[in-house]
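Please open the structure in your viewer and keep the sequence panel beside it, since this tour moves from one selection to the next. At each stop, make the selection first and then read what is there.

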Amino acid sequence: MLAAFAPLAVLAAIAIGLGLIILAFSFYIGPRDPSPVKSQTYESGMTALGPAQRRVPVRFYLIATLFILFDIEVIYLYPWAVQYRSLVAEQGWGALASMGVFIGVLVLGFVHVWRKGALDWD
Amino acid sequence: MLDLSPDWGVILTHFAPELILVIGALGLLSYDLYVRGKDGLQPWITLGVLLAAALATGWLYTMDPAEVFEGRSAGEVFRSGAFLSDSFTHFFRLMSVLTAGLVTLSGIAYMRGKTAFKGEFYAFVLFAALAMNLMAGANDLIVIALGIEFLSLVSYILTGYIREDRLSIEGGLKYFLYGSITSAAMLFGLTYLYGIAGSTSLPVIAEAVRQPENLVVTHLSTFIVPAALFLVLAGIGFKVAIAPFHQWSPDAYQGAPTPVTAFLSVGPKAAGFAVMMRLFITVFGTPELSATWLGVLGALAGLTMILGNVAALTQSDVKRMMAYSSIAQAGYMLVGIAAFGGTALMGTTPLGAVLFFILAYLFTNLGAFAVIIAVDRLTGSSSVSAFAGLSKRSPFLAIALTIFFLSLIGIPPLSGFFGKFAVFGAAVASDMFGLAVVGVLTGVVSAVYYFQIVKTMYFGDPAEGGALRPSPGVVFVVATALVMTLIIGLVPQPFIEIANQAVTALEPIAGSMVAR
């Protein structure tokens, strides 16, 4: 039973082994000639400005969280819209009503966020 | 072929308590938007919604079973949907409403002024009750997973609710981190169950595992079923805080606002055990299948009782002590589940004993926590020293806490005695003498730490002398819990019957559902 997975194990071993071999070769026999320019951070050819770990206003987290919440919820609209005809055939007005309830809760969440001031930038 | 067209009348009827909770919670959130900063009606709206949910549950309770099931047998109903509205669910619906209601009442004064987000707090209490209902009625792996996640998320938020308090944040974060890992483990286990049966529906899984030759994946099933069950047990065990999945609980209990601690000690435990019973008993409850998990469950029960009771000995914070105490109590409940195959004793079936134990534990523990909430609010501390001289500062709270502790130890004629008696009796009846002995011995150990508090209350010198005046809500909860602790202890029979009736929804399925 487990023998059926043997080719997979061989493939994994080859893939990992090959990667390690290539890394080892370039590490041991590649020429090394460091210079200040070479060890600079690569920034698409631009001169690097400041460190990468900068402080970000905490507000971005809130905005990002809200975005993800609404984004994911809106995704549920697509399969519903695609299947709408067959849903109506099965459930009648329930097909529209159930999505109406869903959107209603979503709107309530939006109003809540708004009234609580999470969208005020200052 | 499954009939997909929903019967709206049936759905609205049998989902009524949950719908009331959803609408109530959302309504409360909306109401809160327009009374910002003011001392509004939020707690009273919460209590009204909970009362409505309780009445709806009572209405469902009194329905004629023949009408409810439309002439179908319990087994047929079991096969029918993702959410079951049976007597077992009704029992836990009442548990969740009681927990949320008592926590709300005892927490009104405590939460006042602690947080700027007052309406959300009570909305989360309602959402927590809703999540518990969903877990209790879950008949599908997806509903189980969503219910547990829902309750977990609400619990994390409530634990870290006081943003200004470092302990609260720390407790919430630890709870969240442990919870994420155990959730991942549980979901992994659930995918295995789906993988072997090809369905997320519990009845389909139940049939699949009873006919191993029909499994989708046959060659590994003897190994996969126990492995999957253990992973699922990790997720549920985390929610009910049994060893070795309990490490989050002392920190979360200590850091959380005390009313939330009270909720955590009862709500998730009751709901977690509901899921555990539904999944393990109805699906994996046959003698052959239960052999794969009974040993593990029994061992965890023993470990939980020992660890909870011993670790509680050295705690200097009453909330931490209650965390270990509630771990130990979860161990006692687990004994009843491990003994589920045993015969009836004193009129209880083993699973009925578990439900009866949870009922008794709910009132006793919430009563004890109401006292702790009052002391914490009035002295600003939940360390043992804050309880010094409580007998002089508030004789009512002191005597009430003593009685609750006596009930938690299991002294007759209080409710805790009959809970323990029923559970350990079931263990003895199914030849699990070891568990019963461990339970009784660790129960003796538990007397030590409970009585340390009692000793401090009656013989300790208070740091300051003034009388403590508990809020009306706390007085009401303490009085209710006292009365119920005494009534359940003195007249246990009606409550045993309620518990037995609730588990009839499980038992016929456990015995012969698939032997059709």
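Select chain A and follow it along the sequence, where the pattern reads α-α-α-α-α, in keeping with its five helices and zero strands. Please bear in mind throughout that this is a predicted model. While chain A is still selected, turn it around: its C-alpha atoms fill a box of roughly 70 × 60 × 25 Å along the principal axes. The radius of gyration of chain A is 27 Å, whereas a compact globule of 122 residues would have one near 14 Å. How much of chain A is made up of buried residues? The share is 0% of its 122 residues, where a residue would need 20 or more other C-beta atoms within 10 Å of its own to be called buried.

Next, go to chain B and select Leu126(B), Ala128(B), Met135(B), Phe357(B), Ile358(B) and Leu366(B), which touch the most other members of the largest nonpolar core, a set of 188 residues. Now add helix 17 of chain B, residues 350-379, which gives the most to this core, with 22 residues. Within that selection, centre the view on Phe357(B) and look for its partners beyond four places away in sequence, which are Tyr332(B), Met333(B), Gly336(B), Gly419(B), Ala422(B) and Val423(B).

Move on to a pair of helices by selecting residues 141-159 and 166-197 of chain B, which are helix 8 and helix 9, and notice that their axes come within 9 Å and cross at roughly 175 degrees. Because an angle over 145 degrees counts as roughly antiparallel, helix 8 of chain B is roughly antiparallel to helix 9 of chain B. To look at the contact itself, show side chains on both helices: the residues that meet include Leu141(B), Ala145(B) and Tyr156(B) from helix 8 of chain B, and Tyr175(B), Phe176(B) and Leu187(B) from helix 9 of chain B. Sorted by class, this contact has nine nonpolar, eight polar and one charged residues. In the loop between these two helices of chain B, select Arg163(B), which counts as exposed because it has 12 C-beta neighbours inside 10 Å. If you then measure from Arg163(B) to Gln42(B), C-alpha to C-alpha, you should find 20 Å in space for two residues that are 121 apart in sequence.

The last stops concern the backbone, and one general point helps here: most residues other than glycine have a negative phi, and most peptide bonds are trans. Select the loop between helix 11 (221-240) and helix 12 (248-255) of chain B, where Pro244(B) is found, and look at the cis peptide bond that joins Ala243(B) and Pro244(B), with omega about 0 degrees. In the loop between helix 11 and helix 12 of chain B you will also come to Ala241(B), whose phi is positive, near 60 degrees, in a residue other than glycine. Is Ala241(B) buried or exposed? Ala241(B) is buried, with 29 other C-beta atoms within 10 Å.

Now select the loop between helix 19 (395-409) and helix 20 (415-429) of chain B, which holds Pro413(B); a cis peptide bond joins Pro412(B) and Pro413(B), with omega about 5 degrees. Finish at Asp431(B), in the loop between helix 20 and helix 21 (433-459) of chain B. Asp431(B) has a positive phi of about 60 degrees although it is not a glycine, and it counts as exposed, with 11 C-beta neighbours inside 10 Å.

Key: Residues numbered from 1 in each chain as written. Chains lettered and ligands numbered in written order. Predicted model: local features only at pLDDT ≥ 70, side-chain atom pairs only at ≥ 80, totals over all residues. Core = buried A, V, L, I, M, F, W, Y, C linked by C-beta atoms within 7 Å. Helix = DSSP H or I, 4+ residues; strand = E, 2+ residues; numbered from the N terminus. Contact = placed C-beta atoms within 7 Å. Axes fitted to C-alpha atoms, helices over the stretch in contact; angles between N-to-C directions. Parallel < 35°, antiparallel > 145°, perpendicular 65-115°, else oblique. Nonpolar A, V, L, I, M, F, W, Y, C, P; charged D, E, K, R; others polar. Rg over C-alpha atoms; globule rule 2.2 N^0.38 Å.
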